[in-house]
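Biologist: I am new to this structure and would like to learn how to read it. Could you walk me through some features, one at a time?

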Amino acid sequence: MGLSPESPEDEPGIKRAAENIKAIIDHEAKNGIPANRVLLGGFSQGGALSLYTALTCQQQLAGVVALSCWLPLHKTFPSAASGSANREIPILQCHGEMDPMIPVQFGALTSEKLKTIVSPQKVTFRTYPGLMHSSCPQEMSAVKEFIEKQLPRI
């Protein structure tokens, strides 16, 4: 409901949105795409929802791309992840160093929090000098490399 780490959050809304994403993952699994071939990702609120969903998901996923975002309901972790199958999930987190919407410090705090939830070596946090609440070619190259590594061709 705000853009600071201490702002109140819409817990029911976040949980409902995560359940909607998990339902899509279930639907894809029923259509032959195993959950471990599903990678979640997003920018800003989409990245935040991707992190929360993966960390509370009971199915093992391929990874998470989290761009210019934060971990919603961060105070509920690590206990919120107790039933998760994603304690070893690879996470690529990227953030612009000049982001006025979600300051890079929030990204750094999120990265440190993530390292208490999943294996620290699975969390990659990259920052981009001069980048605001946006993306850049270097960030997209990092995303491409991450996806290719986590989801190799079969």
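Biologist: Let me start with a single residue: is leucine 73 buried or exposed?

Modeller: Leucine 73 is buried, with a relative accessible area of 6%. Please keep in mind that this is a predicted model. Leucine 73 sits in the loop between E2 and E3, and its phi is positive, about 50°, although the residue is not a glycine.

Biologist: Which value does phi take at serine 44?

Modeller: Phi of serine 44 is near 60°, a positive value in a residue other than glycine. Serine 44 belongs to the loop between E1 and H2, and with a relative accessible area of 14% it is buried.

Biologist: Now the whole fold, please. How many helices and strands does the protein have?

Modeller: There are four helices and four strands. Followed along the sequence, they give the pattern α-β-α-β-β-α-β-α.

Biologist: And what can I say about the overall dimensions?

Modeller: A compact globule of 154 residues would have a radius of gyration near 15 Å, and the protein agrees with that, at 15 Å. Its C-alpha atoms fill a box of roughly 40 × 35 × 25 Å along the principal axes. Of the 154 residues, 42% count as buried. Contacts tell you about the fold too: among those with a separation of 6 or more, 74% are between residues 24 or more positions apart.

Biologist: How do I read a helix that has a buried side?

Modeller: Here is the general idea: an α-helix has 3.6 residues a turn, so residues three or four places apart point the same way. Now take helix H4, residues 137-150: its 14 residues reach 20 Å from the first C-alpha to the last, close to the 20 Å expected. The buried residues of H4 are Glu139, Ala142, Val143, Phe146 and Gln150. They cover an arc of only 100° around the axis, which puts them on the same side of H4. On the other side of H4, Pro137 and Gln138 are exposed.

Biologist: Which strands do the buried residues of H4 pack against?

Modeller: They pack against strand E1 (39-43), strand E2 (63-67), strand E3 (91-96) and strand E4 (123-128).

Biologist: What about aromatic rings? Which residues form an aromatic pair here?

Modeller: The structure holds one aromatic pair. Tyrosine 52 and phenylalanine 77 meet edge-to-face, 5.8 Å centre to centre and with 80° between the planes. Tyrosine 52 lies in helix H2 (residues 45-55) and phenylalanine 77 in the loop between E2 and E3, so the pair ties together parts that are 25 residues apart in sequence. Both tyrosine 52 and phenylalanine 77 are buried.

Biologist: Is the peptide bond from phenylalanine 77 to proline 78 cis or trans?

Modeller: That bond is cis, with omega near 10°. Proline 78 is found in the loop between E2 and E3.

Biologist: Last topic: how do I look for disulfides?

Modeller: A disulfide is a covalent bond between the sulfur atoms of two cysteines. To call one, the two sulfur atoms must be within 2.5 Å. By this rule the count here is zero. Cysteine 57 is in no disulfide, and the nearest cysteine sulfur, that of cysteine 69, is 17 Å away.

Biologist: Why does cysteine 69 form no bond with cysteine 94?

Modeller: The sulfur of cysteine 69 is 9.4 Å from the closest cysteine sulfur, in cysteine 94, which is too far for a bond. Cysteine 69 counts as buried at 0% relative accessibility, and cysteine 57 counts as buried at 2%.

Terms used: Residues numbered from 1 in each chain as written. Predicted model: local features only at pLDDT ≥ 70, side-chain atom pairs only at ≥ 80, totals over all residues. Heavy atoms only, no water. Buried < 20%, exposed > 50% of the residue type's maximum accessible area, 1.4 Å probe, protein only. Helix = DSSP H or I, 4+ residues; strand = E, 2+ residues; numbered from the N terminus. Expected span 1.5 Å × (residues − 1). Arc of directions from axis to C-beta. Contact = heavy atoms within 4.5 Å. Phe/Tyr/Trp six-rings, centres within 6.5 Å; stacked < 30°, edge-to-face > 60°. Rg over C-alpha atoms; globule rule 2.2 N^0.38 Å.
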